[in-house]
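Please open the structure in your viewer and keep the selection tool at hand. The tour proceeds one selection at a time.

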Amino acid sequence: DHTTKRAYAPTMPDVASTHGLHGTGWLIPWTEWKAGDVGVRTEVCQVMRTWREQELQVVGARVHLTNAAREPRKLRLNVLITPKGAAGAPVHQLEINGDTMFVNHQPALISNEKPTGGQLPAPDLAERLRPAKQLGRHESIRTKGGACTGVMSFDVSLAAGERKTFGFVH
């Protein structure tokens, strides 16, 4: 949040969040929290599909940002890839090309919008609050230890009451 000059995530101890399942009857979990005056809602869905006679998992995610303030707000949505987490695996090579992050030469995250910036490797939390680094046409890093990280940044301006949705596919 550019106004408060801090980062927010639902995993932070001082950020209250709620969660549940989408009301459509589908198993689509959601999480909501506040980033200053901006409401954030994330939704994730995973389905199995057959492609070329092989089963594969397709994961989709949406991030809804809603400005609850009476004034416009500027903020940055950072989307990170790290080898940590429940689905974590070694990331020996990471690249950003346009709207796509590739992990170990495979598409890992595709955005419905081109990021306004990003960084390889992902900066620490304090660095993520500084202006987003403009990416070249093709950015790439490698590591033997499998610990590559990267971030795509989306700078957003929201009018009072405005809502914007970002979509991602893995």
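Begin by selecting E95, which is buried (under 20% relative accessible area, with exposed over 50% and partly exposed in between, for a 1.4 Å probe and protein chains only). E95 has no salt bridge (a side-chain nitrogen of Lys or Arg within 4 Å of a carboxyl oxygen of Asp or Glu). R142, the nearest side chain of opposite charge (Lys and Arg count as positive, Asp and Glu as negative; His and the chain ends are not counted), is 6.5 Å away. E95 belongs to strand 6, residues 93-97 (strands are DSSP runs of E, at least two residues, and helices runs of H or I, at least four, numbered from the N terminus). Add Q93 to the selection: its side chain and that of E95 are joined by a polar contact of 3.0 Å. A polar contact is a pair of N or O atoms within 3.5 Å; within protein, one must be able to donate a hydrogen and the other to accept it, and residues adjacent in sequence count only if both atoms are side-chain atoms.

Two points about the source should be kept in mind. This is a predicted model, in which local features need pLDDT of at least 70 and side-chain atom pairs count only at pLDDT 80 or more, while totals for chains, interfaces and linings use all residues. Residues are numbered from 1 along each chain as its sequence is written, and side-chain values use heavy atoms, with hydrogens and water left out.

Now display the whole protein. It has 12 strands and zero helices, and buried residues make up 35% of its 170 residues.

Where do salt bridges occur? The whole structure holds seven salt bridges. Select D37 and R73, whose closest N and O atoms are 2.4 Å apart in one such bridge. D37 lies in the loop between strand 2 (29-35) and strand 3 (38-51), and R73 in strand 5 (residues 73-81), so the pair ties together parts that are 36 residues apart in sequence. D37 is partly exposed at 32% relative accessibility, whereas R73 is buried at 12%.

Next, select R76 and D155, which meet in a salt bridge of 2.7 Å, N to O. This pair links strand 5 with strand 11 (residues 150-158), 79 residues apart.

Then select R62 and E43, a salt bridge with closest N and O atoms 2.6 Å apart. R62 lies in strand 4 and E43 in strand 3. Both residues belong to a network of salt bridges that also includes E32 and R41.

Finally, select T165 in strand 12 (residues 163-169). Its C-alpha is 9.6 Å from that of T42, although the two are 123 residues apart in sequence.
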